[in-house]
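Colleague: I should like to learn how to read the features of a protein model. May we go through one together, step by step?

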Amino acid sequence: NPGLARAFREGTAHREYRAVAVGSVAPGAWTAPLEGKRAHTNVTVLGEDNGFSALALTLQTGRTHQIRQHSALAGTPLAGDRRYG
């Protein structure tokens, strides 16, 4: 799809992901730099139960493994993440 490719190239594509993290996550933003570059992830908590948090995550930047790294740095790694968790 040429329109989708253009949106990613121009940085106008909306990228929202769903994930489950271990622990209680504070809503807001994760802004820790990754590999020396600016990185920004918006965090919405959809619910919590039994020591896990359901999240909606929106990327403002697109670093490799950004959500996984930010979640781990926040002390709430993604459930089942063997690399960063």
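Modeller: Let us begin with burial. This is a predicted model, and buried residues make up 33% of the 85 residues in the protein chain. The accessible surface of the chain comes to about 5,400 Å², and 50% of that surface belongs to carbon and sulfur atoms. Along its principal axes, the C-alpha trace spans about 45 × 25 × 25 Å.

Colleague: How many helices and strands does the protein chain have, and in what order do the elements run from the N terminus?

Modeller: There are two helices and four strands. Read from the N terminus on, the elements follow the pattern α-β-β-β-β-α.

Colleague: Which order do the strands take within the sheet, and is the sheet open or closed?

Modeller: The order in a sheet is read from strand to paired strand. Here the sheet is open and has four strands in the order E1-E4-E3-E2, with antiparallel pairing. Strand E1 (16–22) and strand E2 (28–30) stand at the edges with a single partner strand each, so one side of each has no neighbour in the sheet. From one strand to the next, the twist averages 40°.

Colleague: How many bridges join strand E3 to strand E4, and how many are found between E2 and E3?

Modeller: Strand E3 (residues 41–49) and strand E4 (residues 52–59) run antiparallel and are joined by eight bridges. The pairing of E2 with E3 is also antiparallel, and it extends over three bridges. Individual positions can be matched across the strands. Thr44 stands opposite Ala56 in E4. Val43 has Leu57 as its bridge partner in E4, while Gly28 stands opposite Val43 in E3.

Colleague: Which residues does Val43 contact, leaving aside its neighbours within four places in sequence?

Modeller: Val43 is then in contact with Val25, Ala26, Pro27, Gly28, Ala29, Trp30, Leu55, Ala56 and Leu57. The two partners already named, Gly28 and Leu57, are included in that list.

Colleague: In which direction do side chains point along a regular strand?

Modeller: In a regular strand, the side chains alternate between the two faces of the sheet. With that general idea in mind, we may turn to the nonpolar core.

Colleague: Which residues make up the largest nonpolar core, and which element gives the most to this core?

Modeller: The largest nonpolar core has ten residues in all: Ala19, Ala21, Val25, Trp30, Val43, Leu55, Leu57, Leu59, Ile67 and Leu78. E1 and E4 each supply at least two residues of this core. E4 gives the most, with three residues.

Colleague: Is Ser71 buried or exposed, and what does this residue touch?

Modeller: Ser71 is found in helix H2. Its relative accessible area is 0%, so Ser71 is buried. Not counting residues up to four places away in sequence, Ser71 touches Ala21, Trp30, Thr76, Pro77 and Leu78. Among these, Ala21, Trp30 and Leu78 belong to the largest nonpolar core.

Colleague: I should next like to consider backbone angles. Which phi does Asn50 have, and where is the place of Asn50?

Modeller: Asn50 has a positive phi of about 50°, although it is not a glycine. Its place is in the loop between E3 and E4; these two strands form a hairpin with two residues between them. Asn50 counts as exposed because its relative accessibility, 68%, is over 50%.

A second case is His65, which is not a glycine either and has a positive phi of about 60°. His65 lies in the loop between E4 and helix H2 (66–73) and counts as partly exposed, at 26% relative accessibility.

Colleague: How many salt bridges does the count come to, and which side chain meets that of Arg18?

Modeller: The count comes to two salt bridges. In one of them, the side chain of Arg18 meets that of Glu16, at 3.2 Å from N to O. Arg18 is exposed, at 57% relative accessibility, whereas Glu16 is partly exposed, at 39%.

Asp81 forms a salt bridge with Arg68, the closest N and O atoms being 2.8 Å apart. Asp81 lies in the segment after H2 and Arg68 in helix H2, so this pair ties together parts that are 13 residues apart in sequence. Asp81 counts as buried, at 11% relative accessibility, whereas Arg68 is partly exposed, at 26%.

Terms used. Residues numbered from 1 in each chain as written. Predicted model: local features only at pLDDT ≥ 70, side-chain atom pairs only at ≥ 80, totals over all residues. Heavy atoms only, no water. Pairing = 2+ DSSP bridges. Axes fitted to C-alpha atoms, helices over the stretch in contact; angles between N-to-C directions. Core = buried A, V, L, I, M, F, W, Y, C linked by side-chain atoms within 4.5 Å. Buried < 20%, exposed > 50% of the residue type's maximum accessible area, 1.4 Å probe, protein only. Contact = heavy atoms within 4.5 Å. Areas by Shrake-Rupley, 256 points an atom, 1.4 Å probe, with all protein chains shown as cover. Salt bridge = Lys/Arg side-chain N within 4 Å of Asp/Glu carboxyl O.
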